[in-house]
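Here are a few notes from my read-through of this one. Have the structure open as you go.

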Amino acid sequence: MRVLVTGGAGYIGSVVTEELVKDGHEVVVYDSLYKGHRGAVVAGAQFIAADLLDGERLRRAFREAGTEAVIHMAADSLVGESVTNPAKYYRNNVVAGLALLDAMNECEVRRLVFSSTAATYGEPEKQPIEESDPTTPTNTYGQTKLAFEHALPWYEKAYGIRSASLRYFNAAGATAHCGEMHNPESHLIPIILQAAAGTRDAVEIYGEDYPTRDGTCVRDYIHVVDLARAHILALDILDERSATYNLGCGGDGYTVREVIDAARAVTGREIKVRVGARRAGDPAFLVASSARIKRELGWSPQFQDLSLIIESAWNWIQHHPQGYAE
Ligand SMILES: NC(=O)c1ccc[n+]([C@@H]2O[C@H](COP(=O)([O-])OP(=O)(O)OC[C@H]3O[C@@H](n4cnc5c(N)ncnc54)[C@H](O)[C@@H]3O)[C@@H](O)[C@H]2O)c1
């Protein structure tokens with residue numbers, strides 16, 4: 001298939017691109033590089049450095065490549081920033097998203113896989129979270145992703161654009177070529193590995209008095225390759241229907257302390273910890289159920305093991321101590 005990946009120079013988008021290329025698809029990466037890295041774009045994919053709001057460039061990209069499907073990864077995704085600067089999030093996650101849909105419609109591209117987020121659920125009443133649970137986001141990031149999701153059935157009804165929205169929490173891990181490099185880094189595993197590598201003094205734990213196994217918050221981590229495979233698998237249903245799927249590790253998830261201990265074992269390094277106060281709005285448990293996508297699409301994560309996830313991220317850091325050279 002001829003697929004355009006928005007945000008394909010970012011962390012997850014680069015791995016989606018890598019897996020698509022491996023499968024023999026023709027891939028165009030469309031990324032402004034405002035956050036991503038040119039060095040993250042895998043060989044074998046065409047690269048276009050442009051913003052989604054540049055509708056003319058986007059339509060030209062679709063026409064020149066004969067695009068048949070879009071995997072939409074480009075977004076802003078910092079929870080804290082989304083609350084202090086909602087305008088930025090509405091512009092990039094909603095307005096730019098609609099610009100993408102409009103260009104798709106004009107160019108008759110009728111298949112979309114949307115990288116949404118489990119932040120659409122807010123503070124869920126039960127765990128693990130299922131797709132049928134209420135969506136009541138508690139931050140602008142989750143709200144803007146949900147706003148874009150809400151447009152999708154209407155674009156399908158009127159213009160025939162089918163979509164699969166994938167909701168998940170924490171992507172983690174790396175491939176040999178593609179790893180996680182955000183600035184600022186807000187994700188736990190890279191932060192822990194920075195402490196292991198000595199580029200960060202310590203890991204802060206926000207509260208250890210939660211009603212969990214060891215008092216620290218329980219979260220959900222999925223290997224980035226398993227996420228990428230789910231995005232590619234979701235392309236297959238779009239000839240027939242639209243859908244929404246969670247991607248989660250299910251089960252008991254992992255506490256913050258369990259992640260730190262696993263990282264100590266994998267790296268063999270001392271990792272200093274500082275225990276601080278709880279952060280406002282951090283639920284004790286956030287774990288998504290993958291039962292629906294397993295049942296309906298046969299998604300079967302290959303790296304659902306915390307040590308494997310951490311080991312792959314650690315290997316990437318060892319081989320890319322400065323991140324992507326650019
Ligand atoms: N990282 C996670 O744990 C996680 C969890 C759930 C959902 N997601 C979603 O997955 C997607 C990718 O996340 P990531 O961690 O890889 O992010 P990332 O910041 O590494 O990648 C996003 C990419 O999109 C590009 N981009 C952003 N706005 C653009 C625009 N208007 N035009 C063109 N390019 C633009 C950036 O330059 C960057 O390369 C996001 O949509 C995010 O909401 C991520």
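What share of the contacts in the chain with a separation of 6 or more comes from residues 24 or more positions apart?

1. The answer is 78%: that is how much of the set comes from residue pairs 24 or more positions apart in the chain. Bear in mind throughout that this is a predicted model.

2. On the overall fold, I count nothing exotic in the bookkeeping: the chain's secondary structure is ten helices and 13 strands. Its radius of gyration is 19 Å, close to the 20 Å from the globule rule for 326 residues, so the chain is as compact as a globular protein of that length. Along the principal axes, the C-alpha atoms fill a box of roughly 55 × 45 × 40 Å.

3. Next, burial and surface. Buried residues make up 54% of the 326 in the chain. The accessible surface is about 14,000 Å², and carbon and sulfur atoms own 48% of that.

4. For charge, the chain carries 32 positive and 43 negative side chains. The centres of these two sets sit 2 Å apart.

5. Do look at helix α10, residues 306-319. With 14 residues at 1.5 Å each, α10 should span 20 Å, and its end C-alpha atoms are 20 Å apart, so the two agree.

6. Which residues of α10 are buried? They are Leu306, Ile309, Ile310, Ser312, Ala313, Trp314 and Trp316. An α-helix has 3.6 residues a turn, so residues three or four places apart point the same way. The partners of the buried α10 residues are the helices α6 (188-197) and α8 (256-267), along with strands β7 (170-172), β10 (221-223) and β12 (254-255).

Note on methods
Residues numbered from 1 in each chain as written. Predicted model: local features only at pLDDT ≥ 70, side-chain atom pairs only at ≥ 80, totals over all residues. Heavy atoms only, no water. Helix = DSSP H or I, 4+ residues; strand = E, 2+ residues; numbered from the N terminus. Rg over C-alpha atoms; globule rule 2.2 N^0.38 Å. Buried < 20%, exposed > 50% of the residue type's maximum accessible area, 1.4 Å probe, protein only. Contact = heavy atoms within 4.5 Å. Areas by Shrake-Rupley, 256 points an atom, 1.4 Å probe, with all protein chains shown as cover. Lys, Arg positive; Asp, Glu negative; His and termini not counted. Charge placed at Lys NZ, Arg CZ, Asp CG, Glu CD. Expected span 1.5 Å × (residues − 1).
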